[in-house]
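Please open the model in your viewer and keep the sequence panel beside it. The stops below tell you what to select next and what is there.

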Amino acid sequence: MEQCGVTYTYREYTPTLSEPGLRWRMRQWAGAVSVPVLFAGDQTLRGSWDISRFANESAGDERLGSFDAISPWNELSEHALAEGRTRVVRSVLSNPAALSESLPAFVPSALRAPLRFVARDAASRLDRKYAHLVKPGSLRNALLQTREGLAKAGGDFLAGRFSYADITMAAVLEVVKPIAITDPPLGPAVQTCWIDAQLADEFGDLIEWRDRLAAGVDTSYSQFQ
């Protein structure tokens, strides 16, 4: 949205707690709901792909690239993130400190341990919601193909210039070694759940690539400032 010059208001979604309000806005009373969701006038756009296409079309100059050409990168990213998301959720479920940190910021510290069951319930719901999407090996495969794609492109941009392909593949590295600013910030125990030390070591070159994008004047926005 920022790359395309589209103004927006960001609202954080808290699993379970935010769901009733989201359903109300989407006018969807049954079935699974997921974020991100963009409300643009009378349109309700679901998922990063459709939201990014909307932003690209709003800019009117293919600022995020040709979506037909970069569609395979989006598919790779979706499969990789499905596997990574499930690993993170299950890591949180097995870590009492991470469960405590996952509770909303307004919960007093003295009540966090007794209320871990609330965070456990929310994490368990996420696990049940997305586990069926997991294809083992998708995360590592996506990273290997990103490495090959960058080598073929001969630079830092998978499509020859900065595009949604770079955004969606850089996002995959958030489930390997996250750097994006979150509100509220990830607690230390939760952050360890997001890190995959083995993949971070194997694909250190891609982490450095992601970090260059995050540090670049033309490729970094509010999530990394």
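Select helix H2 first, where Trp 49, Ile 51, Ser 52, Phe 54, Ala 55 and Asn 56 are buried, buried meaning under 20% relative accessible area, exposed over 50% and partly exposed in between, with a 1.4 Å probe and protein chains only. These buried residues of H2 pack against strand S1 (37-40), strand S2 (43-46), helix H3 (67-93) and H8, where contact means heavy atoms within 4.5 Å. Helices (H or I, at least four residues) and strands (E, at least two) are DSSP runs numbered from the N terminus. H2 itself covers residues 48-59, and its 12 residues reach 16 Å from the first C-alpha to the last, close to the 16 Å expected at 1.5 Å a residue; the expected span is 1.5 Å times one less than the number of residues. Just after H2 comes Gly 60, with a positive phi near 80°.

This is a predicted model, in which local features need pLDDT of at least 70 and side-chain atom pairs count only at pLDDT 80 or more, while totals for chains, interfaces and linings use all residues. Residues are numbered from 1 along each chain as its sequence is written, and side-chain values use heavy atoms, with hydrogens and water left out.

Now colour the protein by pLDDT, the predictor's confidence in each residue from 0 to 100. The average is 93, and 100% of the residues score at least 70. Among the elements, helix H1 (residues 19-26) has the lowest mean, 87, and H7 the highest, 98.

Next, select Ser 163, in the loop between H7 and helix H8 (164-172). Is Ser 163 buried or exposed? Its relative accessibility is 1%, so Ser 163 counts as buried. Leaving aside residues up to four places away in sequence, Ser 163 touches Leu 64, Gly 65 and Ile 70.

Turn then to the charged side chains. The whole structure holds 10 salt bridges, each a side-chain nitrogen of Lys or Arg within 4 Å of a carboxyl oxygen of Asp or Glu. Select Asp 61 and Arg 63, which form one of them, with the closest N and O atoms 3.1 Å apart; Asp 61 is partly exposed at 42% relative accessibility, and Arg 63 is partly exposed at 29%.

Move to helix H6 (residues 116-130), where Arg 125 and Asp 121 are four residues apart and therefore separated by about one helical turn. Their salt bridge brings the closest N and O atoms to 2.9 Å.

Another salt bridge, 2.9 Å from N to O, joins the side chains of Asp 205 and Arg 147. This pair links distant parts of the chain, with Asp 205 in helix H11 (residues 204-215) and Arg 147 in helix H7 (residues 138-153), 58 residues apart. Select Glu 174, Arg 210 and Asp 211 after that, since salt bridges that share partners join these residues into one network.

Finally, zoom out to the whole protein, which has 11 helices and two strands. Along its principal axes the C-alpha trace spans about 55 × 45 × 35 Å. Buried residues make up 38% of the 225 residues, and, of the contacts with a separation of 6 or more, 62% come from residues 24 or more positions apart.
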